[in-house]
Amino acid sequence: MSILFKGRSQGASERKINIAQRFVMFFVNHIRQALGSLGELWRQPAASLMTIGVLGLSITLPSTLYILVKNTEKISAGWEQAAEISLFLKEQTSAAEAQQLITRLQTWPEIDKVVYVPADDALEEFKQLSGLGDAVKYLEANPLPNVVLVTPGEKHTAPTAAQLLLEKLQRQREVDIGKLDIEWLERLYGFLQIATELVTIIGVLLFIAVILIVGNTIRLNILNKRDEILVMKLVGATDGFIHRPFLYTGFWYGLLGGVIAWMAVIIILWWMDSSIQAFASLYDKSFHITGLTGSALLTMLFLSVMLGLVGSLISVQRHVREIEPQ
């Protein structure tokens, strides 16, 4: 019994060792093939740099346009007056009634901020801005009404939502006229929507081009190693073992192309920053372009790597399968 027990325990330990060895060898083989594919790129620097450069520059354009659109959205988000609604109160509205209106509006979930501008304050501001202070003194009465400035919440700054809010505000008994520059706001949001769709279309087309470029490059590598693939299939190599070097080549193309795209985006934004600063100074504004954030950079590298892998996978699945020993 003791001999049988020892034999069973020895067999179980051997199985554990075999599983551990397979686990270690799995990663060792992957690392060796990954480094080997990187070495293949290093041994053909001219062709590799051309493919990586084309891939990187193809990703640069949609990435740069995406950043510019996001910066434009950030600028528009800072212009609160773009969606600010002016409520001109009725002439007979007292200060107490105006305060009741403000208190009531502050409870609305659609509204972010409410500011009351008395008629006297509005007239004083008009004097300062218009330069007609002396002429205004001859007015017998203040022609300006009391005004309530309403800033919609973030979810109600879009043209349609702002228009609905304006109609709701105009139904308040203290309000005489409500005004919103909805046409300008519609043009702004329309431009941003077109720009976003344009970036998406350009990005999709360039991403397809990247997949085709990587796929064609991997196809040429497969054809150059046709004899080597035949020998490996004759000695019983698995499909995964044959495919992995080409997949890792696509991985390196994508990763290095993403790094080049990242560097190119930084250079482009640095080059454009001075021109944007000069333009902003015409409006007495100061604005700096916000570049790629950490999450955006990781997303760009992930997309680049995935494009390289997809291109290589399509080429491997199609062309390696066609190579069979006769």
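## Transmembrane stretches

For "transmembrane region", UniProt lists residues 188-215, 251-272 and 292-316, and the entry is an unreviewed one. The model you're looking at is a predicted one, so it's handy to hold the record's ranges up against the modelled chain.

Take residues 251-272 to begin with: this range is 100% helix and 0% strand, and its end C-alpha atoms sit 31 Å apart. For residues 292-316, the chain comes out as 92% helix, again with 0% strand. Here the end C-alpha atoms are 33 Å apart.

## The largest nonpolar core

Which residues touch the most other members of the largest nonpolar core? They are Ile218, Ile222, Ile229 and Tyr253, out of 23 residues in that core. Five helices give two or more residues each: H2 (45-78), H7 (182-224), H8 (226-234), H9 (239-281) and H10 (294-322). H10 gives the most, with 6 residues.

Ile218 is a good place to start poking around. Leaving aside its neighbours within four places in sequence, Ile218 is in contact with Phe246, Thr249, Gly250 and Tyr253, and also with Ser312, Ser315 and Val316.

## Small and polar residues tucked among the helices

Thr217 belongs to helix H7. Is Thr217 buried or exposed? Its relative accessibility is 15%, so Thr217 counts as buried. With neighbours within four places in sequence left out, the contacts of Thr217 are Thr51 and Tyr253. Tyr253 also turns up in the contact list of Ile218.

Ser63, in helix H2, tells a similar kind of story. Ser63 has 12% relative accessibility and therefore counts as buried. Beyond its neighbours within four places in sequence, Ser63 makes contact with Val265 and Met300.

Then there's Gly39, which lies in helix H1 (residues 2-43). Gly39 has a relative accessible area of 18%, which puts it in the buried class because the cut-off is under 20%. The C-alpha atoms of Gly39 and Thr249 are 9.6 Å apart, even though 210 residues separate the two along the chain. Thr249 is also one of the residues in contact with Ile218.

## Strands and their pairing

Now for the strands. Why call strand S3 (residues 147-152) largely enclosed by the rest of the structure? Because 5 of the 6 residues of S3 are buried.

S3 has pairing partners in both S1 and S2. Strand S1 (residues 85-89) runs antiparallel to S3, and 4 bridges join them. Within that pairing, Ile85 has Val150 of S3 as its bridge partner. Strand S2 (residues 111-117) is also antiparallel to S3, over 6 bridges, and there Lys113 stands opposite Thr151. If you're tracing side chains here, remember that in a regular strand they alternate between the two faces of the sheet.

## Helix H3 and the second core

A second, separate core holds 18 residues, including Ala98, Leu101, Leu105 and Leu165. Ala98, Leu101 and Leu105 are also among the buried residues of helix H3 (residues 95-105), a set that has Ile102 as well. These buried residues cover an arc of only 100 degrees around the axis, so they lie on the same side of H3.

What do the buried residues of H3 pack against? Their partners are S1, S2 and S3, along with helix H6 (159-170) and strand S4 (175-179).

## Aromatic pairs

How many aromatic pairs does the structure hold? It has 2. In one of them, the ring centres of Phe251 and Trp252 are 5.2 Å apart with planes at 70 degrees, so that pair is edge-to-face. Phe251 is partly exposed at 26% relative accessibility, while Trp252 is buried at 15%.

Trp270 and Trp271 make another pair, with ring centres 6.4 Å apart and planes at 65 degrees, and so this pair is edge-to-face too. Trp270 counts as exposed at 62% relative accessibility, and Trp271 is exposed as well, at 63%.

Definitions and conventions
Residues numbered from 1 in each chain as written. Predicted model: local features only at pLDDT ≥ 70, side-chain atom pairs only at ≥ 80, totals over all residues. Heavy atoms only, no water. UniProt positions renumbered as here; feature names shortened; annotations may be inferred. Core = buried A, V, L, I, M, F, W, Y, C linked by side-chain atoms within 4.5 Å. Buried < 20%, exposed > 50% of the residue type's maximum accessible area, 1.4 Å probe, protein only. Contact = heavy atoms within 4.5 Å. Pairing = 2+ DSSP bridges. Arc of directions from axis to C-beta. Phe/Tyr/Trp six-rings, centres within 6.5 Å; stacked < 30°, edge-to-face > 60°.
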